[in-house]
Amino acid sequence: MLIRYKKSFEKIAMGLLSFMPEEKEVKKLLNTVREYEENPKWQLFLWKEEDILGAIGVRIENDINVVIQHITVNPSHRNSGIGQKMVHGIKELYDHEYAVCADDLTERFLEKCEAEE
């Protein structure tokens, strides 16, 4: 299930986000997490089953779009549908109020999820 990020999950979130190619550099990763903590238009969610296995981050853009900008799953749990479940969870949360879309980095994954629905 999707749970909202909170400061106590910082290390877990940073570990998951570090699997994204553009978040490899520690300084960039710290800035990204700080943006999720401080910017009300950026929201980070974690996927929890028994453990936290994935993260998905969105930003509200122009008060009409929710843009999925980060999506990552622990490598040992990839290809088990967690990414698709996170996208579905974001759509359930925001679809009634915003159009859910992807940025350049997450577009291919979102298209794959929509093709499998």
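Here is a short chat about the fold and core of this predicted model.

Student: What pattern does the chain follow along the sequence?
Tutor: Quick ground rules: this is a predicted model, where local features need pLDDT of at least 70, side-chain atom pairs count only at pLDDT 80 or more, and totals for chains, interfaces and linings use all residues. Residues are numbered from 1 along each chain as its sequence is written, and side-chain values use heavy atoms, with hydrogens and water left out. DSSP runs give helices (H or I, at least four residues) and strands (E, at least two), numbered from the N terminus. There are four helices and five strands, and read in order they go β-α-α-β-β-β-α-β-α.

Student: Which element gives the largest share of the largest nonpolar core?
Tutor: Such a core joins buried Ala, Val, Leu, Ile, Met, Phe, Trp, Tyr and Cys through side-chain atoms within 4.5 Å, buried being under 20% relative accessible area with a 1.4 Å probe, protein chains only. This one has 19 residues, with Ile56, Ile68, Ile90 and Tyr94 making the most contacts inside it. Strands E2, E3 and E4 and helices H3 and H4 each supply at least two. The largest share, five residues, comes from H3.

Student: What radius of gyration does the chain have?
Tutor: The rule for a globule is 2.2 Å times the number of residues to the power 0.38, and the radius is taken over C-alpha atoms. For 117 residues a compact globule would come out near 13 Å, so the chain agrees, at 13 Å.

Key. Buried < 20%, exposed > 50% of the residue type's maximum accessible area, 1.4 Å probe, protein only.
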